[in-house]
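Student: I have a chain open here and would like to talk it through with you. Can we start with whatever you find worth a look?

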Amino acid sequence: MNFTIKNVLIPTHDDYATVDVQVVDGKIGAISPDLNVIGTAVDGNNQLLLPGFVNAHTHSSEMWQRGIMSMLPLELWLGELYDFAPLDLEQVYLSALGTAVETLFSGGTSVVDHLVLIPGQELATIATAVRAYQEVGIRAFIAPLIQDEPLTAGIPAGNSLQNHEPYLRSTAATLEIIETAVQQFHRPEEGVSILVAPTGIQLCSDALFKGCIELSDRYNLCRHSHLLETKAQEKLAQEKYGCTAVEHLYRIGYLGDRTSLAHCVWLTDHDIKILAQTQSTIVHNPLSNLRLGSGIAPILKYIQAGVNVTFGCDGASSNDSQDLLEAIKIGSILHNITDSEYQNWITPRKSLEMASLGGATGLNIADQIGSLSVGKQADLVMYDLTNLSLLPRTDPIGLLVLGRPTNVVNNAWVNGKSIISNSQINTINLDKLKQELFNRSQWESKRQSPTVAQIETHYRQIMDI
């Protein structure tokens with residue numbers, strides 16, 4: 001894992017420089033012009049080198065439903081997903097492979113997978129995803145998605161009396177599964193980390209949150225959850241707690257510098273102050289927020305308040321892709337219409353910092369990855385500046401973020417290991433993966449979801465539609 005990239009373009013504070021980059025034992029050893037070659041020489045001419053991005057929130061298994069989910073708001077969309085998304089372990093494996101590959105080819109070297117678990121096969125599900133991510137070589141943060149309340153509990157009751165069936169697994173049993181997963185699979189030094197990841201206040205009891213806090217503290221784990229993705233969740237928090245969801249999570253001790261929170265569309269000014277104070281991270285998922293009609297998170301307000309913000313693709317059935325560059329682009333320029341003060345708008349360079357260092361900060365490893373810094377792990381991506389979508393030669397980062405780059409990743413390394421070279425992934429057989437994804441699926445048309453039919457009338461009444 002020793003190599004030297006010669007004559008590659010890197011961003012400086014406000015410009016670019018052509019340098020050599022030495023990588024020794026998986027770490028960046030030196031960055032300077034005219035360095036001696038250590039290990040293999042890599043030609044960096046007409047290439048842009050950047051730190052790898054973090055796909056900071058996704059659900060890999062949703063790959064099987066992309067392109068077919070109805071145009072519904074989240075609460076109804078989940079009902080349809082529950083009805084039509086049974087999983088087996090082979091699907092878990094293939095979709096994790098696919099998620100990793102798409103993330104890598106859009107500049108990501110790390111992925112946070114809020115992993116849906118097969119009931120009764122929870123540990124096997126996690127083991128299968130671990131195997132897939134290790135085969136590809138991406139840095140994986142597996143956040144097993146857990147809850148202890150049924151789907152119907154995620155919709156505000158309003159003035160009606162709601163009776164919910166018990167969830168299929170007890171809180172204690174769920175926490176036991178996560179602790180076992182940590183003991184078996186949490187190996188950060190091998191590129192796999194386990195996170196505690198209650199899905200959110202809408203489907204989780206305080207007992208589950210508190211159990212996750214205890215596991216997080218005992219094993220030094222990061223925490224990951226959805227938070228206030230929809231207006232319905234804002235209403236639900238007031239019903240459950242008599243305060244905002246952020247205030248409640250703060251009171252029970254869930255927030256902190258190891259906590260990342262996906263979406264955060266419906267925050268109050270006081271909520272924003274709490275997240276800044278606790279050094280919690282917001283993961284912006286602009287595409288799913290638009291697809292599900294959840295709203296536009298006021299990211300510029302969060303940044304100005306000092307909250308760390310990064311980007312995620314979200315699951316491929318609410319996005320319907322895993323193109324991280326697309327999420328970064330939309331997640332940046334979308335806010336030019338929410339704030340007329342253009343001096344606050346997100347520049348392309350700021351976007352890339354949010355996607356790399358911001359993602360690393362949310363996972364509490366900014367001292368290890370996220371920037372081109374000597375001593376950090378060599379999680380690197382090199383982009384081909386002769387690619388048609390990155391021409392003519394203007395501002396390389398501007399073209400990468402604001403354009404429509406396609407097939408621009410020429411090389412990618414994770415922890416110094418070559419994953420992509422000459423625009424080809426070299427750790428797995430991509431043609432075989434595509435054929436297996438094709439064979440395991442079939443063209444489908446829309447189906448009527450019984451769960452959506454069951455809850456739609458109540459949802460429309462509660463949301464005054």
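**Burial of a helix and its surroundings**

Tutor: The buried residues of H1 are Leu74, Glu75, Leu76, Trp77, Gly79, Glu80, Leu81 and Phe84. Please keep in mind throughout that this is a predicted model.

Student: How many of the residues of H1 are buried, out of what total?

Tutor: Eight of its 11 residues are buried, so H1 is largely enclosed by the rest of the structure.

Student: And what covers the buried residues of H1?

Tutor: The cover includes helix H6, residues 231-241, together with H15. H1 itself runs over residues 74-84 and H15 over residues 450-462, and the two pack at an angle of about 165° with their axes 8 Å apart.

Student: Are H1 and H15 roughly parallel or antiparallel, then?

Tutor: Roughly antiparallel, because the cut-off for that description is an angle over 145 degrees and theirs is about 165°. H1 passes H15 in a right-handed crossing.

Student: Which residues meet where H1 packs on H15?

Tutor: On the H1 side they are Glu75, Leu76, Gly79, Glu80 and Asp83, and on the H15 side Pro450, Thr451, Val452, Ile455, Glu456 and Tyr459. Sorted by class, the residues of this contact are five nonpolar, two polar and four charged. Glu75, Leu76, Gly79 and Glu80, which take part in the contact, are also among the buried residues of H1.

Student: What is the general reason for that kind of spacing along a helix?

Tutor: An α-helix has 3.6 residues a turn, so residues three or four places apart point the same way.

Student: Switching to another pair, at what angle do H4 and H5 pack?

Tutor: Helix H4, residues 171-185, and helix H5, residues 206-219, pack at about 20° with their axes 10 Å apart, and they are therefore roughly parallel to each other. Their crossing is right-handed.

Student: What makes up the contact of H4 with H5, by class?

Tutor: H4 brings Thr171, Thr174, Leu175, Ile178, Glu179, Val182 and Gln183, which meet Ala207, Leu208, Gly211, Cys212, Leu215, Arg218 and Tyr219 of H5. By class, that contact has eight nonpolar, four polar and two charged residues.

Student: Let me pick Thr171 out of that list. Is Thr171 buried or partly exposed?

Tutor: Thr171 counts as partly exposed, because its relative accessibility is 22%. Leaving aside neighbours within four places in sequence, Thr171 is in contact with Asp148, Ser205, Ala207 and Leu208. Thr171 and Asp148 are 23 residues apart in sequence, while their C-alpha atoms are 5.7 Å apart.

Student: Where does Ser318 lie?

Tutor: Ser318 lies in the loop between strand S13, residues 308-311, and helix H11, residues 324-333, and at 2% relative accessibility Ser318 counts as buried. Not counting neighbours within four places in sequence, Ser318 is in contact with Glu62, Trp77, Leu287, Ser288, Arg291 and Leu292; Trp77 is one of the buried residues of H1.

Student: Which peptide bond there is cis?

Tutor: The bond from Asn319 to Asp320 is cis, with omega near 5°, and Asp320 lies in the loop between S13 and H11. A cis peptide bond also joins Leu391 and Pro392, with omega about 0°, and Pro392 lies in the loop between strand S14, residues 380-384, and helix H13, residues 396-402.

Student: What about backbone phi: which residue that is not a glycine has a positive value?

Tutor: Asn7 has a positive phi of about 60°; it is found in strand S1, residues 3-11, and at 36% relative accessibility Asn7 counts as partly exposed. Gln279 likewise has a positive phi of about 60°, but is found in the loop between helix H8, residues 269-278, and strand S12, residues 281-284, and is exposed, with a relative accessible area of 53%. As background, most residues other than glycine have a negative phi, and most peptide bonds are trans.

Student: Last topic, the chain overall. What does the radius of gyration agree with?

Tutor: The chain has 22 Å, which agrees with the value near 23 Å for a compact globule of 465 residues. Buried residues make up 59% of the chain, and its secondary structure comes to 15 helices and 17 strands. Among contacts between residues at least 6 apart in sequence, 75% join residues at least 24 apart.

Terms used. Residues are numbered from 1 along each chain as its sequence is written. This is a predicted model: local features need pLDDT of at least 70, side-chain atom pairs count only at pLDDT 80 or more; totals for chains, interfaces and linings use all residues. Side-chain values use heavy atoms; hydrogens and water are left out. Axes are lines fitted to C-alpha atoms, for helices over the stretch in contact, and angles run from 0 to 180 degrees between N-to-C directions. Helices (H or I, at least four residues) and strands (E, at least two) are DSSP runs, numbered from the N terminus. A crossing is left-handed if the near helix is turned anticlockwise from the far one by less than a right angle, and right-handed if clockwise. Contact means heavy atoms within 4.5 Å. Ala, Val, Leu, Ile, Met, Phe, Trp, Tyr, Cys and Pro count as nonpolar, Asp, Glu, Lys and Arg as charged, and the others, Gly among them, as polar. The radius of gyration is taken over C-alpha atoms; the globule rule is 2.2 Å times the number of residues to the power 0.38. Buried means under 20% relative accessible area, exposed over 50%, partly exposed in between (1.4 Å probe, protein chains only). Angles under 35 degrees count as roughly parallel, over 145 as roughly antiparallel, 65 to 115 as roughly perpendicular and the rest as oblique.
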